[in-house]
Protein chains: 2
Amino acid sequence: MIDEKTAREAVVQAADELFYAHGVQAVGMDAVRTAAGVSLKRIYSLFASKDELIVAVLNHRTAIWDTGLASASERATSARERILAIFDFLDAWFREPSFRGCAFINTHGELGSTSTAVADTVREQKRAFQKYVAQLVADAGAPPALAPQLAILAEGAQTTAAIAGTPEAAHQARAAAETLLDVATAAHA
Amino acid sequence: MIDEKTAREAVVQAADELFYAHGVQAVGMDAVRTAAGVSLKRIYSLFASKDELIVAVLNHRTAIWDTGLASASERATSARERILAIFDFLDAWFREPSFRGCAFINTHGELGSTSTAVADTVREQKRAFQKYVAQLVADAGAPPALAPQLAILAEGAQTTAAIAGTPEAAHQARAAAETLLDVATAAHA
DNA sequence: TACAGTAGAGAACGAACGTTCTCCGCGCAA
DNA sequence: TTGCGCGGAGAACGTTCGTTCTCTACTGTA
């Protein structure tokens, strides 16, 4: 038998792909079982319920998002570049054929009013992103009020790209971010 | 018996409130029946399926959105003011206790990958909003590239406010919109 | 009054879901 | 080898849902 950690990862990975592609409620536990190659009994020994699996999947997504963001800003040499790297990261993501919007936004829309655990996890992820942006804004020497504006641009780009099915929202948001950065740093200098 | 138009409106109205509050899939047709006071038989004579009802509800939301936007910009005397009125409209909306995000975004996240009818309706609504903004931007004498930036701000404010559960995203987005407008009209002048 | 047509209330049906249970086979201690 | 415990496969269970069907009551007409 495969060890607990490996089984857990296989289940979360399979559930993540299925939930993201089809929506959480559209995917049954049987489909997760088949895709993960882990028996239902085992799944329910690892997660008490589907709700718990959903939260585990969201946490997994958070880790992927964080590492993606970190690696996207690796080449950046300034805080300003690291901020704009967020939108380049979004652009690359939007171009992936599997892109279907932000999993957190989608899951919140689907279950946010039914499961407080889901709502809390999503809110925490967005809060962490806002904090990340706020730190970059501070590093760039811009006033703190700029941070939520940039975060809103990133959020809006994600939903716009998801619904339109096209990636151009990324560079549109990037251009807006550049303008806001220019004004904020010029005024603050 | 009440006439067809009244029955239709009662069903759509009741379904709209329930779908928006709890999510589409979480609401059964029985609940719609009870809330609307229209028998299941009648509902299914008005709408061939739940999917068709969902689309009717989305179209109903579109009408509400359009009139809300129109009345919000009534007092505005310039294109710039009409643009900013969008964000004042969002602010008022976010403060309503029943606010739970944009119904189109929520429904798209829930059913966009399962129902092409839903995906198409949502895409069309967003396209119409982009067109509305584009017209205002043209009226303001700003370059066309500003329009999608403003639309992205509006979208981002809606998801941010929905997830955070607080209304401040509206004025943050409004401030960003003002900055972008200032820059765009100054450069274009 | 008798009758035809229609609509409402909700029971019924078949499918699908989350979750649990049963059965079977395998690995290991003595 | 014999027994035992554990895990895999998936059947089974109870519920819920979308949709249809049945039964009853009522309306309007002669």
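Start with DNA strand D and select the protein around it: of the 12 residues there, R33(A), G28(B), M29(B), Y44(B) and K50(B) come nearest. The model is a predicted one.

Keep strand D on screen and colour it by sugar, phosphate and base. Among its atoms within 4 Å of the protein, 65% are sugar or phosphate atoms, and the rest belong to bases.

Next, show the side chains of R33(A) and K41(A). A polar side-chain atom of R33(A) is placed 2.9 Å from a base nitrogen of DNA strand D. For K41(A), a polar side-chain atom lies 3.2 Å from a base oxygen of DNA strand D. Then move to M29(B) and display its backbone. Here a backbone N or O atom lies 2.8 Å from a phosphate oxygen of DNA strand D. Which elements give two or more residues to the surface near this strand? They are α3 (40–46) of chain A and α3 (40–46) of chain B. Colour the residues of this surface by type, and they divide into 5 nonpolar, 3 polar and 4 charged.

Now select DNA strand C. It has 12 residues around it, and those that come nearest are G28(A), M29(A), Y44(A), K50(A) and R33(B). Of the strand C atoms that come within 4 Å of the protein, 63% are accounted for by sugar and phosphate.

Three contacts can be picked out on this strand. In M29(A), a backbone N or O atom lies 2.7 Å from a phosphate oxygen of DNA strand C. In Y44(A), a polar side-chain atom lies 2.6 Å from a phosphate oxygen of DNA strand C. On the other chain, select K41(B): an N or O atom in its side chain is 3.3 Å from a base oxygen of DNA strand C. The elements that give two or more residues to the surface near strand C are α3 of chain A together with α3 of chain B. By residue type, the surface near strand C has 5 nonpolar, 3 polar and 4 charged residues.

Hide the DNA and show chains A and B. How many degrees of rotation superpose chain B on chain A? A rotation of 180° does so, with 0.0 Å of shift along its axis and an RMSD of 0.0 Å. That is the relation of a two-fold axis. To find the axis from chain B, select G156(B), whose C-alpha is the nearest to it in that chain, at 1.7 Å. Then select the interface residues of chain B: 100% of them are also interface residues in chain A, so the copies meet through the same surface.

Finish with chain A alone, drawn as a cartoon. The chain has 9 helices and 0 strands. Its C-alpha atoms fill a box of roughly 60 × 30 × 30 Å along the principal axes.

Colour residues 1–47 as domain 1 and residues 59–188 as domain 2 of chain A. The C-alpha centres of these two domains lie 28 Å apart. Where the domains meet, the contact takes 10 residues from domain 1 of chain A and 12 residues from domain 2 of chain A. About 860 Å² is buried between the two domains of chain A, with carbon and sulfur atoms giving 48% of that area. Which residues of domain 1 of chain A lose the most area to domain 2 of chain A? Select D16(A), Y20(A) and V24(A): together these give 67% of what the domain 1 side buries.

Notes
Residues numbered from 1 in each chain as written. Chains lettered and ligands numbered in written order. Predicted model: local features only at pLDDT ≥ 70, side-chain atom pairs only at ≥ 80, totals over all residues. Heavy atoms only, no water. Least-squares fit on C-alpha atoms with pLDDT ≥ 70 in both. Contact = heavy atoms within 4.5 Å. Near = heavy atom within 4 Å. Polar contact = N/O pair within 3.5 Å; in protein donor to acceptor, adjacent residues only side chain to side chain. Helix = DSSP H or I, 4+ residues; strand = E, 2+ residues; numbered from the N terminus. Nonpolar A, V, L, I, M, F, W, Y, C, P; charged D, E, K, R; others polar. Domains from an automatic or database assignment. Buried area = accessible area lost by both parts, 1.4 Å probe.
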